[in-house]
Every structure is written in structure tokens, then in C-alpha cells.
Amino acid sequence: MYVLTLVDWFAYFPSNVLFSTLECIVVGWCYGTDRLQRDIKAMWGKAIPRIMMIAIKCVCPMLLVCVFCYSLYSYRPPKYGDYDYPPWATGIGWMVSLASILPFPAVFVWRVWRSHGNTVKEKFLTSMEPNKKWREASGRGTQEDIAYPMTNVEELA
């Protein structure tokens with residue numbers, strides 16, 4: 001039970017809040033809510049309410065950052081009943097937490113490094129471009145592309 005409590009203490013919170021915040025920022029600001037709106041309209045034929053776009057772009061990231069900051073402020077070492085975990089166990093807990101967080105920046109750096117370009121800025125911008133086989137929601141796809149979007153996944157790799 002001690003190990004389960006230690007893993008539960010560190011595995012859930014930091015990575016989930018960090019990834020949720022990054023997802024809201026990437027979808028809301030990098031990909032853009034206008035493009036998201038077009039994609040969803042192409043898939044479902046309906047538009048998302050404007051309040052949802054505002055929430056994705058502003059409200060959710062702000063609330064998640066507030067929750068993250070407050071959690072760091074109110075952090076206390078793990079405890080199970082009356083048992084206080086030793087510092088080395090807390091260190092192992094943080095390593096468990098980092099095991100789920102570190103692959104994200106590692107893959108990002110790898111993708112930028114492997115991209116075409118002469119400068120870091122060019123490589124960064126190239127790494128943000130979609131795959132050549134990706135089609136934006138502009139009506140160029142066939143009905144089969146929309147009905148079975150994941151049939152040719154092997155070709156995208």
C-alpha cells in the first residue's frame with residue numbers, strides 16, 4: 001500500500017495538469033480556434049458555440065495554471081496515515097512524475113533537430129508544418145476520407 005500511495009501521489013497531478021495546459025495552449029493559440037472550428041464543421045456539419053472557443057483559448061489555460069501554481073504553493077511531502085515517507089522515497093516519486101513528463105520535450109527537441117532548415121527558427125517552423133498527406137478541412141477530401149479517416153495510417157509514418 002505504501003508504494004501505491006507514493007505512485008498515486010506523484011504520477012497523476014504534475015503530468016496531467018501540465019499536459020492539459022499545453023493542450024489548451026496548442027489547440028487554442030498554435031493550431032487556432034478558427035481552424036479547429038473549420039475542422040469540426042467539416043466532420044460534424046455543426047459549429048461549436050463561441051463560448052467553447054473562448055474557454056479553450058483563455059479560460060481553461062488560465063484556470064489550469066492557477067491550479068498548478070496553487071498546488072506547488074501548497075505542496076507537502078507524501079504521507080500514508082501516520083507514516084511520513086523518507087526524502088529518498090519522495091525523490092523516487094518525483095522521478096516517477098518526470099518519467100511521464102520528460103518524453104514530451106525530448107520528442108519536441110528531436111523533431112525540431114531532425115527538421116529541414118538552416119537556422120533553428122527555420123527548423124522550428126518546418127517542424128510545425130503538417131504532414132504532406134494531411135488535408136485541412138477545406139472540402140478537398142473525398143467522402144471516403146471523411147468516413148474512414150484512419151485507413152491509410154501506415155502511409156503517414
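What share of the 157 residues of the protein count as buried? In this predicted model, the figure comes to 20%. The accessible surface adds up to about 12300 Å², and carbon and sulfur atoms hold 67% of that area. As for the overall build, the protein has eight helices and two strands. Going along the sequence, these run in the order α-α-α-β-β-α-α-α-α-α. Contacts were also sorted by how far apart the partners sit in sequence. Taking the contacts with a separation of 6 or more, 63% are between residues 24 or more positions apart.

Next comes a look at the pockets, and at the second largest pocket in particular. This pocket holds about 210 Å³ of space. Its lining is made up of Trp9, Phe10, Phe13, Pro14, Ser71, Leu72, Ser74, Tyr75, Arg76 and Trp94. Helix 1 (2-11), helix 2 (13-44) and helix 3 (50-73) are the elements that each supply two or more residues to this lining. In terms of chemistry, the lining of the second largest pocket breaks down into seven nonpolar residues, two polar ones and one charged one.

Three of the names in that lining turn up again among the aromatic residues: Phe10, Tyr75 and Trp94 line the second largest pocket, and Phe10, Tyr75 and Trp94 also form one aromatic cluster. Across the whole structure, the search turns up six aromatic pairs. One pair to look at is Tyr70 with Tyr73: the ring centres are 6.3 Å apart and the planes meet at 45 degrees, so this pair is classed as tilted. In general, two things describe a pair of aromatic rings, namely the distance of the centres and the angle of the planes. Tyr70 and Tyr73 both belong to helix 3, and because they are three residues apart there, about one helical turn separates them. Are these two tyrosines buried or exposed? Both Tyr70 and Tyr73 are exposed.

Helix 4 offers two buried residues to set beside that exposed pair. Thr90 sits in helix 4, which covers residues 87-101. Its relative accessibility is 13%, and because buried means under 20%, Thr90 counts as buried. Once neighbours within four places in sequence are set aside, Thr90 makes contact with Phe10, Tyr75, Pro78 and Tyr85. Phe10 and Tyr75, both on that list, are members of the aromatic cluster described above.

Ser97 is the other helix 4 residue picked out here. With a relative accessibility of 1%, Ser97 falls under the 20% cut-off and therefore counts as buried. Which residues does Ser97 touch, not counting residues up to four places away in sequence? Ser97 is in contact with Phe10 and Pro14, and both of these also help line the second largest pocket. Phe10 thus comes up as a contact of Thr90 and as a contact of Ser97. Finally, Ser97 and Asp8 lie 89 residues apart in sequence, while their C-alpha to C-alpha distance in space is 9.8 Å.

Notes. Residues numbered from 1 in each chain as written. Predicted model: local features only at pLDDT ≥ 70, side-chain atom pairs only at ≥ 80, totals over all residues. Heavy atoms only, no water. Helix = DSSP H or I, 4+ residues; strand = E, 2+ residues; numbered from the N terminus. Buried < 20%, exposed > 50% of the residue type's maximum accessible area, 1.4 Å probe, protein only. Contact = heavy atoms within 4.5 Å. 1 Å grid on protein atoms, 1.4 Å probe; cavity = no way out; pocket = protein on both sides within 12 Å on 5 of 7 lines; lining within 4 Å. Points joined across faces, edges and corners; volume = space filled by probe spheres on them. Nonpolar A, V, L, I, M, F, W, Y, C, P; charged D, E, K, R; others polar. Areas by Shrake-Rupley, 256 points an atom, 1.4 Å probe, with all protein chains shown as cover. Phe/Tyr/Trp six-rings, centres within 6.5 Å; stacked < 30°, edge-to-face > 60°.
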